[in-house]
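Me: I am new to this structure and would like a close look at one part of it, with the surroundings explained step by step. Please take your time and connect the pieces as you go.

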Amino acid sequence: MKPLKSLATLMMVCACTSSQVKADTLMQDNFQNGDLAGWSTSGTAYANYYYGNYSLGLRGVGSSASYALSTVGYVNVNISLDISAYALEYGDRCIAEVSNDGGNTWVNAITLYNGQDNSALYNAASVPIDADNKSSLLIRYRTSVNQYYDYCYGDNVLVTGDVDTSGGDDPGGGNDDFYDELTGSGSVTRTLLSYSTLMSGGDPGTRIDLSGYALPADAAHPQNAFAGTLTLNGEASGGGFFEHKDTYNYTGAADDTRKHLPEFSFQFIQTGSHIFPLERGSIASTHPDWEYVLAPGRVWQENGDNGYSRVAIPFALQQRNANCMHNGVMSFLFRDDGAVSRVAYQISSETCLYFKADWWGLLDASYTPESIAGQSQLIADYQAEIAARLPVKPLSALNTDYPGTDYTSFASPSGTDPSHISTAGFVIDGTHYRGTCTTRNGDYPYCESLLLPSYSTAKSLFGGVAMMRLEKQYPGVRNTIVSSYVSSCNNGTWSDVTLDNVLDMATGNYDSSNYMEDEGAAHTDNLFLVDSHASKLSYSCGHYARKAAPGSLWVYHTSDTYIAGSLMNAYLQNQQGGDADIFTDTLVEDLLKPIGVGPTGQYTRRTYDTVAQPFTGWGLMWLPDDIAKIASFVGIDDGQIGGQPMLDAAQLDAALQRSPTDTGTVPLADYRYNNGFWAHNVAGSLTGCSGAQWIPFLSGYGGITVVLLPNDSVYYYFSDNDTYYWLEAVQEAHGIRSACQ
């Protein structure tokens with residue numbers, strides 16, 4: 001038997017409200033009494049002792065220990081716990097989970113796999129479950145292993161909560177939550193979106209500067225508290241529209257559904273001066289063209305608003321089944337009693353190469369105050385999301401923090417039209433230096449909530465990273481044959497193609513080897529425009545003929561990455577069960593949540609059928625903090641979380657061009673492609689460097705670039721003018737700290 005041998009808390013995130021006093025302890029067990037008093041056990045369960053520390057020990061198949069308690073009379077209930085593992089094989093798991101309904105349903109707190117079994121304690125600082133006022137709350141540790149000498153350990157279980165003095169979640173009654181308190185006087189001089197305009201004005205008739213939607217410098221803390229549903233009326237016919245670019249002739253002079261918002265009826269919760277939606281990611285609708293993506297916004301008080309509080313909510317329209325983002329913001333006034341003004345909205349920017357337009361309007365609305373289930377926990381989760389964000393400074397601060405730096409090289413690289421850059425950023429030494437978010441009508445006022453599409457950067461951060469995670473858990477998965485797991489590809493042309501070949505864009509199956517000719521062909525509509533998994537796979541597996549040996553020639557196909565995702569999903573289900581999902585279980589639970597990526601970044605586009613297959617090669621979305629964290633995890637932290645390697649080191653080295661024996665395929669002279677990652681040789685462009693200088697980067701349709709520099713920094717920009725310049729930024733980063741290889 002191998003007991004615990006070290007403490008290594010991998011992630012600690014405060015989930016407390018800023019106004020909360022010291023919470024009551026409802027249950028605590030660190031097992032130092034040397035027994036399992038209060039725990040119900042099955043299988044082999046015991047109080048484990050090692051070097052002065054006791055823990056809950058579980059060994060072998062079917063072992064578990066659970067603890068039951070009541071939280072009736074308490075709110076803001078938080079559950080934290082530790083778990084560790086030893087001697088797990090591939091497919092084994094140690095699981096900590098919580099139920100708020102007496103064991104009918106369970107929420108995963110944390111699961112450990114092979115590769116996380118060195119006896120180090122992993123911490124779940126705040127289990128994502130509504131635990132307020134529950135008569136039967138259960139905490140359980142269990143094994144999911146196949147041998148007697150597989151070990152799981154639990155320790156440091158803590159449940160805290162505040163006495164419920166309100167009788168439950170109260171959607172009204174004034175805002176006594178001083179989270180992110182505003183200290184202004186409320187004396188705001190307002191000419192745009194005035195009280196009278198929002199209460200009784202007509203359609204604005206034209207676009208305004210987006211400063212009218214911004215949080216003013218002298219805003220006071222809100223006096224009202226929003227919790228409930230906001231519904232807009234007249235979306236299908238109201239509002240203005242102006243088109244700047246329409247490559248595919250979507251609209252004409254006549255009215256069109258694309259010129260109007262989808263129906264809007266969504267729940268929001270306020271905490272202090274913040275408001276956030278309960279739904280994140282693309283929200284399916286009956287609208288034929290658009291789906292909403294909602295982001296956190298702000299709430300404040302102005303003296304001229306006659307006792308109403310003012311709200312601004314960032315949002316985006318995303319084309320159905322596609323990846324463009326059209327970013328906007330809406331604003332309105334409300335009171336606790338459900339009184340609400342009209343809602344003004346405006347969209348003045350996008351990250352979209354082929355369709356650029358403005359939308360604006362003023363619509364009637366209703367507000368229904370509601371008691372939202374689990375509101376306290378949802379607020380705690382949101383505050384934890386904000387607390388976990390990287391420290392942010394403006395890009396211009398680089399000139400001060402790193403004297404001699406020209407920050408404009410990061411803000412707008414030469415050759416890239418700055419009017420087409422949604423935002424840009426640079427991460428170095430733990431700080432996220434972020435540029436402004438420009439629009440056609442002033443700067444976007446909520447840059448931290450700007451919604452960004454991945455396009456093909458997902459080939460790296462989904463396809464490539466998921467493979468590296470699987471390769472860490474199940475060595476050799478990269479050599480799996482496509483046809484052995486993807487039945488639609490069982491047609492002869494995929495019987496010798498490996499997952500590695502597919503992620504290298506070297507399947508040997510293609511129409512034309514000319515650069516990007518296959519990807520730009522009209523027949524790719526049979527991948528991008530169809531709704532079902534079966535249709536996408538039918539095209540991906542069946543369109544191209546065999547013309548070269550697998551691994552010998554680079555030919556770019558998004559359909560190949562779709563096959564890769566399908567293979568990895570099937571492989572994972574074979575290992576972990578039919579409910580396993582390559583995005584949710586491998587990326588989100590294992591990687592994205594632990595590094596603090598927020599709910600927006602935990603979403604992927606999927607097929608619209610019951611299969612709900614992730615797109616893999618496109619369809620992710622991020623807030624700026626999300627892409628900064630994910631890119632840093634790969635490029636700066638070397639795929640480690642809390643010092644624990646989470647990705648296969650050999651495949652990560654190959655992707656980042658650190659392996660001389662695995663350099664990938666060759667798209668163009670001085671370019672390489674490996675595991676979904678690009679690299680460019682900038683030899684001769686970095687002062688003081690000699691020999692080849694391969695800089696790995698990610699690239700997305702329209703002008704999206706993420707560069708992983710060898711000097712432990714990350715540079716990104718999101719644009720949509722089909723330009724991809726980044727050497728100038730790399731040279732400036734090299735001036736801060738050497739990027740020589």
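Which cysteine forms a disulfide with cysteine 324, and how many Å apart are their sulfur atoms? Please start from that pair and then lead me on to other parts of the chain.

Reply: The model shown here is a predicted one, and every value below is computed from it. The partner you ask about is cysteine 352, and in this disulfide with cysteine 324 the two sulfur atoms lie 2.2 Å apart. The torsion about the S-S bond of this pair is about 75°, so the disulfide is right-handed. As for where the two ends sit, cysteine 324 belongs to the loop between β16 (309–319) and β17 (325–334), while cysteine 352 belongs to the loop between β18 (343–351) and β19 (355–369), so the bond ties together parts that are 28 residues apart in sequence. Cysteine 324 has a relative accessibility of 0% and therefore counts as buried, and cysteine 352, with a relative accessible area of 1%, is buried as well.

Strand β18 offers a way to go on from here, since serine 348 is found in it. Serine 348 has a relative accessible area of 1% and is therefore buried. Its side chain makes a polar contact, at 3.1 Å, with the side chain of asparagine 441. When neighbours within four places in sequence are left aside, the residues in contact with serine 348 are Leu210, Asn327, Asp358, Thr439, Arg440 and Asn441.

The bond you asked about can also be set beside the others, for a search of the whole structure finds five disulfides. If the bonded cysteines of the chain are numbered in sequence order, they pair as 1-2, 3-4, 5-6, 7-8 and 9-10. One of the disulfides joins cysteine 94 to cysteine 152, with 1.9 Å between the sulfur atoms. Here the torsion about the S-S bond is about -80°, so this disulfide is left-handed. Cysteine 94 lies in strand β5 (residues 93–99) and cysteine 152 in strand β9 (residues 151–163), so the pair ties together parts that are 58 residues apart in sequence. Cysteine 94 and cysteine 152 are both buried.

Another disulfide is formed by cysteine 489 and cysteine 541, whose sulfur atoms are 1.9 Å apart. The torsion about its S-S bond is about -65°, so this disulfide too is left-handed. It links distant parts of the chain, with cysteine 489 in the loop between α5 (457–473) and α6 (499–503) and cysteine 541 in helix α8 (residues 533–542), 52 residues apart. Cysteine 489 and cysteine 541 are buried.

From these bonds we can turn to a strand, β21 (residues 421–428), which is mostly covered, with eight of its eight residues buried. Strand β21 pairs in the antiparallel sense with strand β35 (residues 713–719) over seven bridges, and in this pairing phenylalanine 426 stands opposite tyrosine 715 in β35. Strand β21 also pairs in the antiparallel sense with strand β22 (residues 431–434), over four bridges, and there glycine 425 stands opposite arginine 434 in β22. The hairpin of β21 and β22 has two residues between the strands, and in it aspartate 429 takes a positive phi near 55°.

Among the helices, α9 (residues 558–576) is the place of threonine 561. Threonine 561 has a relative accessible area of 1% and is therefore buried. Its C-alpha atom is separated by 9.2 Å from that of aspartate 504, although the two residues are 57 residues apart along the chain. With neighbours within four places in sequence left aside, threonine 561 is in contact with Lys459, Val502, Met505, Thr616 and Gly617.

A last topic is the empty space inside the model. Rolling a probe the size of a water molecule over the atoms shows where such space is left. The structure holds five cavities of 30 Å³ or more, and the largest cavity has a volume of about 50 Å³. The lining of the largest cavity consists of Leu461, Val465, Leu587, Leu591, Leu592, Ile595, Ile630, Phe633 and Val634. Helices α5, α10 (582–592) and α11 (624–635) each supply at least two residues of that lining.

Technical notes. Residues numbered from 1 in each chain as written. Predicted model: local features only at pLDDT ≥ 70, side-chain atom pairs only at ≥ 80, totals over all residues. Heavy atoms only, no water. Disulfide = S-S within 2.5 Å. Buried < 20%, exposed > 50% of the residue type's maximum accessible area, 1.4 Å probe, protein only. Contact = heavy atoms within 4.5 Å. Pairing = 2+ DSSP bridges. Polar contact = N/O pair within 3.5 Å; in protein donor to acceptor, adjacent residues only side chain to side chain. 1 Å grid on protein atoms, 1.4 Å probe; cavity = no way out; pocket = protein on both sides within 12 Å on 5 of 7 lines; lining within 4 Å. Points joined across faces, edges and corners; volume = space filled by probe spheres on them.
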